[in-house]
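Here are a few exercises to work through with the structure open in your viewer. Try each task before you read its solution.

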Amino acid sequence: MSSDPSPAQQFIDAVPHAKALGLVLEEITDGCAVMSMPYDERFIGDPLTRVISGGAVSALLDTCCGAAVMSYPGALGTATLDLRIDYMRAAKPGQRIVARAECFHATRTVAFVRATAHDEDEGLPVATASGAFTMEAGSRMKEATT
Amino acid sequence: MSRSKPEPVQIIKERRDKALRVLIGGIPYVQFLGIRFDRRGDELTAVLPFDEKLIGNPFLPALHGGVTAAFLEVTAMIELSWSILWEQMEQGTLDPRALDEAHMPRLPKTIDLTVDYLRSGLPRDAYARARVNRSGRRYASVHVEAWQDNRSRLYAQATGHFLIPSRDGER
């Protein structure tokens, strides 16, 4: 073994499907996560264009949103309640996809998250996501006055 | 009015099964997730056999939310493609014998998908069926439902909008 995986990568390795997709957790701070998915021919959704399947992009966005919720101060657990994904354009074949998710508000029970996914072109995103997640909060959780 | 003799059932079945095989067999991501489709006439049921790599929460354990989203999206997209293909085959405007891996029907593009997670996905097989609620010249709206043990206890549902590929190949 070369070196111990970082706690962030341990988080990914504990999730079998994230591992199957080859996801890499690039950054994680309070309520924000950056995650990448390598280009892999097994994830192609349209053999004619060799573009990655929308489903694989959805899986990346869902995982990244979940990681953002888990990194929110006081969060102990989460599950997706609702996720909307808009596909703006096809991802370029051969390029990895990077998702950025932000948990912009959370109560003791619900977390609200938005995310974007880009290929190597930092301009127009490939897809955006907006979701509501369950929040299992510990005592550290700062309850918003709603 | 004279009616021509109906084709033997086996020939019709073989033609339809082949068209479905070509449609699905060419999509690597469908194979990656292990999704297959059962056909009864024009009705499709997507089947996602359980596999360890589909787990998102190893402690419960539960299926990954992204797997569920992908399963619903694939089912909706294939149902829409299949309904277009079916119509063309029935009208005789498309000869399924001309379909092969190099001559695939063009696939619709997903515009958006809204997934409603109703229950956590259990570590067992999942099923899904989609319904094309509207299919116009350019856009289609498709609803899809997924369940595990009981057809009446959905574990997730979704609505998606799709861009339909134009007949002349231009999008």
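**Exercise 1.** Which residue in S7(A) stands opposite Met37(A)?

*Solution.* Keep in mind that this is a predicted model. Start with the strands: S2(A) and S7(A) run antiparallel and are joined by six bridges. Now look across from Met37(A), and you find Ile97(A) in S7(A).

**Exercise 2.** Take S2(A) and work out which side chains point to one face and are buried.

*Solution.* Begin with the general pattern: in a regular strand, side chains alternate between the two faces of the sheet. Here, Ala33(A), Met35(A) and Met37(A) point to one face and are buried. Cys32(A), Val34(A) and Ser36(A) point to the other face and are not buried.

**Exercise 3.** Describe the hairpin of S1(A) and S2(A).

*Solution.* First, the pairing: five bridges join the two strands, S1(A) and S2(A), in an antiparallel arrangement. Next, pick a pair of residues: Ile28(A) stands opposite Ala33(A) of S2(A). Finally, inspect the turn, where two residues lie between the strands and Gly31(A) has a positive phi near 80 degrees.

**Exercise 4.** Trace the whole open sheet and find its edges.

*Solution.* Step across the 12 strands in the order S1(A)-S2(A)-S7(A)-S8(A)-S9(A)-S6(A)-S5(B)-S8(B)-S7(B)-S6(B)-S2(B)-S1(B), with antiparallel pairing. Strand S1 (24–29) of chain A and strand S1 (36–40) of chain B each have a single partner strand, so one side of each is left without a neighbour in the sheet. Direction ignored, neighbouring strands are turned by 20 degrees against each other on average.

Now check where the chains meet: S6(A) pairs with S5(B) in the antiparallel sense over five bridges. Asp82(A) has Asp116(B) in S5(B) as its bridge partner.

**Exercise 5.** Which helices lie on the sheet, and at what angles?

*Solution.* Take helix H3 (residues 54–70) of chain A, which runs at about 40 degrees to S7(A). The strands it lies across include S5 (109–117) of chain B. Then turn to helix H3 (residues 65–91) of chain B, whose direction makes about 50 degrees with that of S6(B). This helix touches strands that include S6 of chain A.

**Exercise 6.** How many residues does each chain bring to the contact?

*Solution.* Chain A gives 31 residues and chain B gives 31 residues. On the side of chain B, S5(B) supplies the largest share, eight residues. Sorted by class, that side has 17 nonpolar, eight polar and six charged residues.

Notes. Residues numbered from 1 in each chain as written. Chains lettered and ligands numbered in written order. Predicted model: local features only at pLDDT ≥ 70, side-chain atom pairs only at ≥ 80, totals over all residues. Pairing = 2+ DSSP bridges. Helix = DSSP H or I, 4+ residues; strand = E, 2+ residues; numbered from the N terminus. Axes fitted to C-alpha atoms, helices over the stretch in contact; angles between N-to-C directions. Contact = placed C-beta atoms within 7 Å. Nonpolar A, V, L, I, M, F, W, Y, C, P; charged D, E, K, R; others polar. Buried ≥ 20, exposed ≤ 12 C-beta atoms within 10 Å, placed from the backbone.
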